[in-house]
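Hi,

Here is the structure I promised to pass on. Have a look at it first, and my notes follow underneath.

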There are 2 protein chains.
Amino acid sequence: MVNDLINSNSSTTQILILKAARKIFIKKGLSGARMQEIADEAGINKALLHYYYRTKDNLFNAVFMEALKHIQSEFFIILNSDRDLFDKIRFFFDRYISFLQENSFLPGFIIHEINQNPDRLVEFFKNAGIRPPINLIIQVSEEVKNQRIIPINPIQFLLNMLSLAIFPIIASPLIKGIFEIDDPDYKDIIEQRKKELAEWFIDSIMIKKSSNEEQKE
Amino acid sequence: MVNDLINSNSSTTQILILKAARKIFIKKGLSGARMQEIADEAGINKALLHYYYRTKDNLFNAVFMEALKHIQSEFFIILNSDRDLFDKIRFFFDRYISFLQENSFLPGFIIHEINQNPDRLVEFFKNAGIRPPINLIIQVSEEVKNQRIIPINPIQFLLNMLSLAIFPIIASPLIKGIFEIDDPDYKDIIEQRKKELAEWFIDSIMIKKSSNEEQKE
DNA sequence: GTCTATATAACGATAGAC
DNA sequence: GTCTATCGTTATATAGAC
């Protein structure tokens with residue numbers, strides 16, 4: 001795995017290389033990145049990249065696997081946490097969007113590279129032993145059964161949450177262009193989403209008690 | 001514009017080249033595509049590509065501008081059509097998702113290339129004279145004022161619609177990988193979205209009349 | 001217009017000195 | 001471990017025959 005490459009013996013140089021590779025690969029992708037550019041970014045010589053990682057593909061894999069681990073662990077920490085469903089939704093939109101704001105190129109990078117070569121994902125799962133967020137899926141099914149939320153396919157539920165959180169980040173240059181929104185304004189829009197999305201989403205799936213029942217509380 | 005390149009004088013060869021370029025560029029992106037591969041796909045010689053388009057960048061631009069025009073015209077036809085807001089929402093989810101199903105690599109391609117070089121979008125707008133979907137934005141504002149729908153920023157409204165429609169398409173290899181869904185099953189999920197998304201979305205923004213008022217109808 | 005052959009440049013990767 | 005210099009390949013692009 002990735003961590004084998006960056007173990008306790010890792011030199012400062014190797015960390016420098018990985019940092020630079022991360023920046024360049026995530027921005028430009030595998031085919032768009034140049035070894036020379038990564039070397040320049042790291043402030044070292046091109047030959048040194050090959051000394052540590054032998055090939056471009058190796059270096060890319062280190063970055064890619066690490067990125068996948070990063071984004072999915074954040075995701076799973078939230079969705080498998082021990083919370084009430086509605087709280088989990090609030091937690092998700094707040095924390096995951098914040099995470100994406102600080103790593104805005106990450107989801108686009110991963111999606112693009114998986115589109116280019118879906119086998120990378122297979123390999124990742126094989127090595128990392130990662131499973132679907134069963135916890136949340138069960139939780140949604142339960143709440144449907146208890147009639148706290150409307151009947152909804154848990155997969156659709158998850159797709160909706162992911163779509164609403166991730167798309168505005170990965171498509172931001174496109175959206176900004178189409179609607180003629182500048183950077184600070186778009187940042188405000190994302191901030192507004194972080195505040196309002198959860199409550200709107202909860203409201204859209206929650207089954208409201210009839211006014212009779214509601215009186216009791 | 002693009003259409004100047006493919007005018008009535010266009011030879012069959014030029015159309016063949018553009019078709020092949022479309023397929024390769026949209027799948028692999030500018031940096032990932034090879035001129036040789038495009039030539040092979042078109043069943044012609046590599047030199048002929050340069051005869052018609054001179055450089056790779058020119059050929060790419062033809063494909064990119066055409067793709068942008070395609071996806072945005074479909075979008076604007078729907079959103080600027082003369083319909084009631086709720087009907088427009090139904091129309092959008094049904095037709096736009098169908099469109100995306102048949103062009104599943106298109107949105108990812110455009111987003112990725114705009115991320116690489118946002119100026120391409122600026123140039124597109126300059127040449128095509130395209131504006132934001134004012135029609136829909138006004139319509140949403142009106143319905144908010146009339147208290148038919150909940151108070152919502154029209155931009156957020158549009159972002160939600162776009163996110164819910166587009167993300168599951170561009171991230172499909174990732175989603176399929178994470179949730180261990182095969183192709184036919186994922187197709188079913190998208191079909192289900194096409195059927196259910198609109199009603200759920202409408203329900204989430206509509207202000208319900210109180211039961212007293214409702215009696216009258 | 002379409003081909004073959006080739007120029008030219010860029011890029012990944014290695015050899016070898018320190 | 002880090003550098004300079006260079007090899008080998010692949011990519012875009014052009015020249016020139018047909």
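**What I found**

I114(A) is buried, with a relative accessible area of 1% (buried means under 20% relative accessible area, exposed over 50%, and partly exposed in between, using a 1.4 Å probe and protein chains only). Before I go on, note that this is a predicted model, in which local features need pLDDT of at least 70 and side-chain atom pairs count only at pLDDT 80 or more, while totals for chains, interfaces and linings use all residues. As for bookkeeping, residues are numbered from 1 along each chain as its sequence is written, chains are lettered from A and ligands numbered from 1 in the order in which they are written, and side-chain values use heavy atoms, with hydrogens and water left out.

Back to I114(A): its place is in helix α7 of chain A, residues 106–116 (helices are DSSP runs of H or I with at least four residues, strands are runs of E with at least two, and both are numbered from the N terminus). Leaving aside neighbours within four places in sequence, I114(A) is in contact with F64(A), L68(A) and L121(A), and also with P173(B) and L174(B) from chain B (contact means heavy atoms within 4.5 Å). F64(A) sits 50 residues away from I114(A) along the chain, and their C-alpha atoms are separated by 9.9 Å.

**Between the two chains**

The contact between the chains takes 48 residues from chain B and 48 residues from chain A. About 4,400 Å² is buried between them, and carbon and sulfur atoms give 69% of that (buried area is the accessible area, with a 1.4 Å probe, that two parts lose on being put together, summed over both). F167(B), F179(B) and W200(B) supply 15% of the area that chain B buries against chain A, more than any other three residues.

N160(B) is worth a click too. You'll find it in helix α10 of chain B, residues 154–170, and at 2% relative accessibility N160(B) counts as buried. Beyond its neighbours within four places in sequence, N160(B) touches L164(A), R193(A), L197(A) and W200(A) on the other chain, plus I152(B) and F201(B) on its own. The side chains of N160(B) and R193(A) are joined by a polar contact of 2.9 Å (a polar contact is a pair of N or O atoms within 3.5 Å; within protein, one must be able to donate a hydrogen and the other to accept it, and residues adjacent in sequence count only if both atoms are side-chain atoms).

**Domains of chain A**

Chain A is divided into domain 1 (11–54) and domain 2 (66–207), with the bounds coming from an automatic or database domain assignment. Their C-alpha centres lie 30 Å apart. Six residues of domain 1 are in contact with six residues of domain 2, and the area buried between these two domains is about 560 Å², 65% of it from carbon and sulfur atoms.

**The DNA strands**

Which residues come nearest to DNA strand D? Of the 16 around it, they are T13(A), N45(A), Y52(A), K46(B) and K56(B) (a residue is near a strand if one of its heavy atoms lies within 4 Å of it). Sugar and phosphate account for 67% of the atoms of DNA strand D that come within 4 Å of the protein. A polar side-chain atom of Y52(A) lies 2.8 Å from a phosphate oxygen of this strand, and one of H50(B) lies 3.3 Å from a phosphate oxygen. K46(B) instead has a polar side-chain atom 3.5 Å from a base nitrogen of DNA strand D. α4(A) gives the most to the surface near DNA strand D, with four residues.

For DNA strand C, 15 residues are around it, and M35(A), K56(A), T13(B), N45(B) and Y52(B) come nearest. Here sugar and phosphate make up 64% of the strand's atoms that come within 4 Å of the protein. Y52(B) has a polar side-chain atom 2.8 Å from a phosphate oxygen of DNA strand C. With M35(A), a polar backbone atom is 3.0 Å from a phosphate oxygen of the strand. The largest share of the surface near DNA strand C, four residues, comes from α4(B).

Cheers
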